[in-house]
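Visitor: I have a structure open on my screen and would like to learn how to read it. Could you walk me through a few features?

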Protein chains: 10
Amino acid sequence: MLEIFENSFPHRDYSIEIVCPEFTSVCPKTGQPDFGTLTFLYVPDKWCIELKSLKMYLQQFRNQGIFYEDITNRIVDDLVNTLHPRRLKLTAAFTPRGGISTTVNVEWTGEK
Amino acid sequence: MLEIFENSFPHRDYSIEIVCPEFTSVCPKTGQPDFGTLTFLYVPDKWCIELKSLKMYLQQFRNQGIFYEDITNRIVDDLVNTLHPRRLKLTAAFTPRGGISTTVNVEWTGEK
Amino acid sequence: MLEIFENSFPHRDYSIEIVCPEFTSVCPKTGQPDFGTLTFLYVPDKWCIELKSLKMYLQQFRNQGIFYEDITNRIVDDLVNTLHPRRLKLTAAFTPRGGISTTVNVEWTGEK
Amino acid sequence: MLEIFENSFPHRDYSIEIVCPEFTSVCPKTGQPDFGTLTFLYVPDKWCIELKSLKMYLQQFRNQGIFYEDITNRIVDDLVNTLHPRRLKLTAAFTPRGGISTTVNVEWTGEK
Amino acid sequence: MLEIFENSFPHRDYSIEIVCPEFTSVCPKTGQPDFGTLTFLYVPDKWCIELKSLKMYLQQFRNQGIFYEDITNRIVDDLVNTLHPRRLKLTAAFTPRGGISTTVNVEWTGEK
Amino acid sequence: MLEIFENSFPHRDYSIEIVCPEFTSVCPKTGQPDFGTLTFLYVPDKWCIELKSLKMYLQQFRNQGIFYEDITNRIVDDLVNTLHPRRLKLTAAFTPRGGISTTVNVEWTGEK
Amino acid sequence: MLEIFENSFPHRDYSIEIVCPEFTSVCPKTGQPDFGTLTFLYVPDKWCIELKSLKMYLQQFRNQGIFYEDITNRIVDDLVNTLHPRRLKLTAAFTPRGGISTTVNVEWTGEK
Amino acid sequence: MLEIFENSFPHRDYSIEIVCPEFTSVCPKTGQPDFGTLTFLYVPDKWCIELKSLKMYLQQFRNQGIFYEDITNRIVDDLVNTLHPRRLKLTAAFTPRGGISTTVNVEWTGEK
Amino acid sequence: MLEIFENSFPHRDYSIEIVCPEFTSVCPKTGQPDFGTLTFLYVPDKWCIELKSLKMYLQQFRNQGIFYEDITNRIVDDLVNTLHPRRLKLTAAFTPRGGISTTVNVEWTGEK
Amino acid sequence: MLEIFENSFPHRDYSIEIVCPEFTSVCPKTGQPDFGTLTFLYVPDKWCIELKSLKMYLQQFRNQGIFYEDITNRIVDDLVNTLHPRRLKLTAAFTPRGGISTTVNVEWTGEK
């Protein structure tokens, strides 16, 4: 579902930051909606992510029951498998639930 | 009482930050309530902490008489013994008592 | 279209920062206008960029359909080919689209 | 007068910050009251300072004529001699007198 | 103890604001020190308050056990009886005790 | 010493605000320097105050022993007698002395 | 020199605010440059002020020796005589000279 | 081009605020692009404005030469003629040109 | 035109920072005035710059047509040739023109 | 004139910061008063500076004509010669004159 387009400048190391303050999913234990801000930072190799498809891809989580840790890591995996970037980092900051707020940080630097 | 769930991404070093601004316990000397903000930062190994159980666990201190230093270190010990994280840090910032405010910082990096 | 004028002080390494908060182009997929702030930082060699011509040059993108990544890299290429600077860096921060905002960073340090 | 209690976690290096914005003493030259904020940061060894006794201890200076430099160093000495901490730092920021404000910084790292 | 000096401009209604952030007294129940900021606003008639004597007068409370409400009203009474101002207002804002902070407002407008 | 120049627009009610943050005089009791910010707001009639002469006039207080209340009222009187403005207001905010800061407000609206 | 263009909406009372932070003139006493921010607020009648001509008009003061009060009132007069607005207000805030800063406020509401 | 849809709650006076920070048009004198933020506030009667059509409508100005005052009033007229609101206010704040920034305020309250 | 006076403390390396927020010159292409803030930081050797002469020197640019880059470098050259400082740095931050703002940084460290 | 008292803790390296926002002297060229904030930071050796004498010492400059650079260096010299500190730093930030503000930084680290 994630679309990519060719990076016209693969000979150059440059970075792209994408901020999505409108992420929402569902808590797998309570069935209640969760809300968070996702911040991506990546260095493209042969491909760039097409932003509209990223938006549609993130909307798939809207009615899905899933833990914060799994959201963050699964999105990183999906992006790595589609984009094959040089480096990618994702910070997912979720709003308070029961007086507790959580932020998950995942950084991918080329591991398998 | 602390519940854990399997970390689906143990091959990856990533961090989870949890902020709990609504911690309360009781002063062992005066019997008066204490209030503070707990900030956790940890790198999971095989397990992640389930947030609702963390909330319930922290509520156990509500009517318990205990020093700031003991609260902070005991919570670190309980989390380390249950989670077996790679690294864990806890900052506990308590509100003023008698015009004096206290913050305790504990960082666990794998010691026994 | 980019005009340059002779750098009267080529024996000296000094830097020029230029901020353009009124950049606009058109999204190649939706035909909708995009808006962003471009921040240049460069060290001139024999030439400096004439600011009015830079303004006119950036206005060429006003009705052009082009991706964020291509805008940023193409402007870097055009400036490098015209100015032959010692170093040049461009940060392009675009406003939110569909709740998602993007920033592209390109740094040129003498590569071909 | 300073009471201590056993540090239940001496196998661990952790820090305790204590802020006392309500310190007051008397100027030895003019007999006028002085006011300041004391900020302690220490790493306990076998003992922790009991906060209520610290408050009482600091109140002893309330009607005592003493210079800023002596206050700060004497408190450090008293705490070091009672607590035997691993490290201790004290910053004492006093309010303006005659349009002049003074801050004294003392850091103890194990010297005799 | 409060000294006054002649108001050289009694034909004019004008106001004087005095802020004392270093007020301290003692709690009559616990014997512990209290701290607060006193803000006076008055319109003089025949007399003005001499500031150094006001400072000395306020220092009398330093070791006196007295309730917040009594402090504020007694100071208003003393000033009214000495100064005979046209109007006088006193706001006494005390620092938190047991997590509770208190402000007492007294306004005198010529009543007996 | 205060110079005035003709108001070329006396048929119009308009206001002039002048802020002097560098006022200094001497305390008549201690001989110590005082510092304050004077803020004037006036509506001119036939004359405007010349600013350089106002600066020189205020410098006359530099080594003069005088109370805050007298400074403020005397300056108002001098300005009223020289300028004959339609309205004039002066706020004099002095820096803390002995932990106490004072602001004097005088408003002249045509009284004798 | 001030150009106007026809107000296409004279049947409607609406306001136009214009802020010019780059005003400069010369002090008539010292020959030194003065700097200020002019803020206009007006309700047009049959005419609007053309902005480029306003900029050119204000530049005429660049090398002219003139008092703050005269600048502000003269500009109001020139605008009133050219524009014949329904209402016009000008605030001229000048930067400090000799530690003194001045703001002149003129409001025109239809007087002759 | 502006589309409307039926207000389902015409029996109630309520307000709608719409902020468009990405408005751009062209200066009729210089041919250079202008940029501004439009802020609408209206009370609907029988109809509400459809937001996507408002966006398309505003994009019509993208390459049109038009004065600030005309932009603001014309948009108000078009909205009034299409929407027939109870009240409508438009504030158009444009970015600086030649060191001068302009804001136009139009308020429609039922006039013809 | 730049006056210097003898540095009475040449045996010591110390720094002097001078901020001039009221610089103005003229654009050589459009004849329109430019405005900027100049920030100097230098370490004197045998001479210090006299501030009033620096003010007069900078006023020479008031009606001169000159590019930002040339202003900044020429002032550096003039200061270096007159002062012979140990080190000198100049940052010139100009206000926006055509929606574009520019800052030039020049650092002189003893080159010929 | 500067008084010192014995440092009771010479075996310890600790620092004392003193801020004096009410410094004033006279410009040797114009005879006009200058104003500034002096910030001292020193590490005492055998002696500490007595604050009241520092205040009196600084007041000696009140009516003295002296350049900023000389003020700062002379005060450093006087303090070094009286105190014989281990290290001393003085930052003197003066208010704007003629639109220009100046800060002098002197750091003494044991040179002769």
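Visitor: Let me begin with a single residue. Where is the place of E:Glu17 in chain E?

Guide: Keep in mind that this is a predicted model. E:Glu17 belongs to strand E2 of chain E, which covers residues 15-26.

Visitor: Is E:Glu17 buried, partly exposed or exposed?

Guide: The class follows from relative accessible area: under 20% is buried and over 50% is exposed. E:Glu17 has 30% relative accessibility, so it counts as partly exposed.

Visitor: With which residues is E:Glu17 in contact?

Guide: Setting aside neighbours within four places in sequence, E:Glu17 contacts E:Thr39, E:Phe40 and E:Leu41, and also F:Ser101, F:Thr102 and F:Thr103 of chain F. Sequence separation and distance in space are worth checking together. E:Glu17 and E:Leu90 are 73 residues apart in sequence, yet their C-alpha atoms are 9.8 Å apart.

Visitor: Now to charged pairs. How many salt bridges does a search of the whole structure find?

Guide: The search gives 75 over all chains. A good one to look at joins the side chains of E:Asp13 and E:Arg86, at 2.8 Å from N to O. This pair links distant parts of the chain: E:Asp13 is in the loop between strand E1 (4-6) and E2, while E:Arg86 is in the loop between helix H2 (68-83) and strand E5 (87-94), 73 residues apart. Both partners are partly exposed, E:Asp13 at 45% and E:Arg86 at 24%.

Visitor: And which residue forms a salt bridge with H:Asp13 in chain H?

Guide: There the partner is H:Arg87, with the closest N and O atoms 3.3 Å apart. H:Asp13 sits in the loop between strands E1 (4-6) and E2 (16-26) and H:Arg87 in strand E5 (87-94) of chain H, so the pair ties together parts 74 residues apart in sequence. H:Arg87 is partly exposed, at 40%.

Visitor: What does the side chain of H:Arg86 meet in a salt bridge?

Guide: H:Arg86 pairs with H:Asp45, at 2.8 Å from N to O. H:Arg86 is in the loop between helix H2 (68-83) and E5, and H:Asp45 is in the loop between strand E3 (33-43) and strand E4 (47-49), 41 residues apart. H:Arg86 and H:Asp45 each have a relative accessibility of 24% and count as partly exposed. Salt bridges can also be linked into a network, as with A:Asp13, A:Asp45, A:Arg86 and A:Arg87 in chain A.

Visitor: Let us turn to an interface. How many residues of chain A are in contact with chain C?

Guide: 22 residues of chain A touch 22 residues of chain C. The area buried between the two is about 1800 Å², and carbon and sulfur atoms give 52% of it. A:Phe5, A:Phe9 and A:Arg12 supply 31% of what chain A buries there, more than any other three residues.

Visitor: How many salt bridges and polar contacts cross between chain A and chain C?

Guide: There are three salt bridges across this interface, and seven residue pairs are in polar contact. One of the salt bridges joins C:Lys29 to A:Glu3, with 3.4 Å between the closest N and O atoms. On the chain A side, E2 gives the most, with eight residues.

Visitor: What is A:Glu50 in contact with?

Guide: Beyond its neighbours within four places in sequence, A:Glu50 contacts A:Glu3, A:Ile4, A:Phe5 and C:Lys29. A:Glu50 lies in the loop between E4 and H1 of chain A and is buried, at 8% relative accessible area. A polar atom of the A:Glu50 side chain lies 3.2 Å from the backbone nitrogen of A:Lys52.

Visitor: How are chains A and C related by a turn?

Guide: Chain A can be laid on chain C by a turn of 60 degrees and a shift of 0.0 Å along the axis, with an RMSD of 0.1 Å. The two copies are thus related as by a six-fold rotation axis.

Visitor: Last, the nonpolar interior. How many residues has the largest nonpolar core?

Guide: In soluble globular proteins, nonpolar side chains tend to be buried together. Here the largest core has 198 residues, and those with the most contacts inside it include D:Ile75. Among the residues that D:Ile75 touches are D:Phe23, D:Leu38, D:Tyr57 and D:Leu90. A second, separate core of 127 residues includes E:Cys20 and G:Leu90.

Note on methods
Residues numbered from 1 in each chain as written. Chains lettered and ligands numbered in written order. Predicted model: local features only at pLDDT ≥ 70, side-chain atom pairs only at ≥ 80, totals over all residues. Heavy atoms only, no water. Core = buried A, V, L, I, M, F, W, Y, C linked by side-chain atoms within 4.5 Å. Buried < 20%, exposed > 50% of the residue type's maximum accessible area, 1.4 Å probe, protein only. Contact = heavy atoms within 4.5 Å. Least-squares fit on C-alpha atoms with pLDDT ≥ 70 in both. Buried area = accessible area lost by both parts, 1.4 Å probe. Salt bridge = Lys/Arg side-chain N within 4 Å of Asp/Glu carboxyl O. Polar contact = N/O pair within 3.5 Å; in protein donor to acceptor, adjacent residues only side chain to side chain. Helix = DSSP H or I, 4+ residues; strand = E, 2+ residues; numbered from the N terminus.
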